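Reader: I've got a model open on my screen and a few things I'd like to ask. Can we go through it together?

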Amino acid sequence: MDTKKLGDNDEEPKVFLRRFWGLVPSVGLIVGVVIGTGIFVSPTGILRGVSGSVGLAFVVWVVCAVLALLGGLCYTELAASFTKSGGEFTYLLEAFGPIPAYLRVWTLFVILSPADMAIQSLTVANYLTTPLVGDCIDAPYWSVRCTALCVFCLIIFINCVSVRLSSHLLVILTVAKTVGLCIIIITGFVLLAQGKTANFHQPFKVEEFDFKLLPSAFYAGIFAYSGWDNITCITEEIKKPEKTIAKAMVLSLLGVTVIYLLSNIAYLTVMTPNEILGSSAVAADFAEKSLGKMSWIIWIFVALSAAGSLNGGAFSRGRIFFVASREGYLPEIISMVHIKWKTPLPAMALSLPITVGMLLTGSIWELLTFSTFVDTAFIVLTLFTLPYLRWTRPERELPFRVPMVFCYIFISVTMFILIVTFYTDFIQAFIGVAATLFGLVFYFIGIRWKTQPRIMKKTMQNTNHFLQKIFMSIPQEVKTY
């Protein structure tokens, strides 16, 4: 089917993804994804990684914030210079070719995106069910899983039926989670004003520093700030992306950094470093100690926070699969748009089975170990495209340009963390690399193998047509890039 350039006059409404996202929804997307569960669980991981030093923990928070901002500005240049959605997939494909781009989509589709959505869904379920049964006992296993499944399916349904509804929900949940964190911050600072400063005396004192734990501190911090790259996945749906993405990135990450630092100060006015180290849910324990019977308020806000991150992640990651399919690296059905709702419904729906499987069988921490190392490695690889494209394509028009020193700082620090991880946790790093490279099997069978048997091609074609009817979807009728 021929496509027309966006703006061609035609009386009939065409099926394509509209440019709906302005500055406010874009800020809501970044903040909504970044402030998920990280600020409620990462303080423990960071403090453990720096051997209990309060001062060093704040240094890690600041370093990870600077890394996120530098990486975000570098991604902004890439998003402004390429008019396609798809984020890292698009940039890797343009710079380094199909294999790195396919492996990025492979890890997202099979491992990272399902694991992340399962983590957020389970977090929502845990924080919704625990107040109902009391915090002295664990909620029944299947009640948590079924609640998580219902939450996940509801978020996916909303993203399938309406872009406008999804963006409005994102803004609402972003406001809700910000209010929850403000309650924590105000409570902590009221106690701080009353003289609760004991935990800030000698902040850099460490009895015995364990260097092997340091990478885990940075991974916890990176996890807390992760999600800033999601805005580049929807470039084709953003109004004036060359300006909007840069403004949204800076405003969002500066705001998130301030909120994170103030939240950690609040935590430490109520809880000692040892209490934080022994906590699996810092915000919940903080609420129990400071708010008493009203602690359920924080539980609800944490659930809303995770739901907002789930909604933003589902929205943006679906666009990566949509673009990868449009470029021929995933089945054709994934690049189609629902004829009525004008959403990439197949891209959203076909990610359900793997996520549901992880959600019903895995724990939060088991799922988390799948993702952080591989995700960080691909972000570094994507950042290498910036100097490479500057060198090989100097004639490229750059509506937004960042100093290359930003890119080099990000790459250097993150590469150091990755290398140290290989030394301190070789098995986890090896499993991540092996799982990524396993995608080459599917790449050569599904993409490079041009002489596939006729029956195999016919089966794929029939399956595609069947799913197209089920999802009531067709290819875009307007070229949006």
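**Rings, cysteines and a greasy patch**

Author: Let's start with Trp61, which is buried, with a relative accessible area of 1%. Keep in mind that this is a predicted model.

Reader: Is Tyr225 buried or exposed?

Author: Buried means under 20% relative accessible area. Tyr225 comes in at 2%, so the call is buried.

Reader: How many aromatic pairs does the structure hold, and what kind of pair do Trp61 and Tyr225 make?

Author: The total for the structure is 17 aromatic pairs. In this one, the ring centres of Trp61 and Tyr225 sit 6.1 Å apart, with the planes at 70°. Planes over 60 degrees apart count as edge-to-face. So the pair of Trp61 and Tyr225 is edge-to-face.

Reader: How many residues apart are Trp61 and Tyr225 along the chain?

Author: The pair links distant parts of the chain. Trp61 belongs to helix α3 (residues 54–81) and Tyr225 to helix α8 (residues 214–225), which puts them 164 residues apart.

Reader: And what about Trp106 and Phe442: stacked or edge-to-face?

Author: Here the ring centres are 5.0 Å apart and the planes of Trp106 and Phe442 meet at 25°. Trp106 is buried at 11% relative accessibility, while Phe442 is partly exposed at 40%. Planes under 30 degrees apart fall in one class, so the pair of Trp106 and Phe442 is stacked.

Reader: Which residues do ring pairs link into a cluster?

Author: One of them, Phe410, is also listed among the buried residues of helix α16. The cluster linked by ring pairs is Tyr75, Phe82, Tyr91, Trp228 and Phe410.

Reader: I always worry about cysteines. How many disulfides does a search of the whole structure find?

Author: A disulfide is a covalent bond between the sulfur atoms of two cysteines. The cut-off used for a pair of sulfurs is 2.5 Å. Searching the whole structure gives a count of zero.

Reader: Which cysteine has its sulfur nearest to that of Cys407, and how far away is it?

Author: Cys407 is buried, at 0% relative accessibility, and is in no disulfide. The nearest cysteine sulfur is 4.6 Å away, and it belongs to Cys74.

Reader: Last one: which helix gives the largest share of the nonpolar patch?

Author: The patch covers about 670 Å² of surface, and its residues include Phe422, Phe426 and Val433. Val433 is partly exposed, with a relative accessible area of 33%, and lies in helix α17. Six residues of the patch, the largest share, come from helix α17.

Conventions: Residues are numbered from 1 along each chain as its sequence is written. This is a predicted model: local features need pLDDT of at least 70, side-chain atom pairs count only at pLDDT 80 or more; totals for chains, interfaces and linings use all residues. Side-chain values use heavy atoms; hydrogens and water are left out. Buried means under 20% relative accessible area, exposed over 50%, partly exposed in between (1.4 Å probe, protein chains only). Helices (H or I, at least four residues) and strands (E, at least two) are DSSP runs, numbered from the N terminus. Patches are made of residues with over 30% relative accessible area and no salt bridge: like charges are joined within 9 Å, nonpolar side chains (Val, Leu, Ile, Met, Phe, Trp, Tyr) within 5 Å. Accessible areas come from the Shrake-Rupley method with a 1.4 Å probe; for residues, only the protein chains shown count as cover. A salt bridge is a side-chain nitrogen of Lys or Arg within 4 Å of a carboxyl oxygen of Asp or Glu. Rings of Phe, Tyr and Trp (its six-membered ring) pair if their centres lie within 6.5 Å; planes under 30 degrees apart count as stacked, over 60 as edge-to-face and the rest as tilted.
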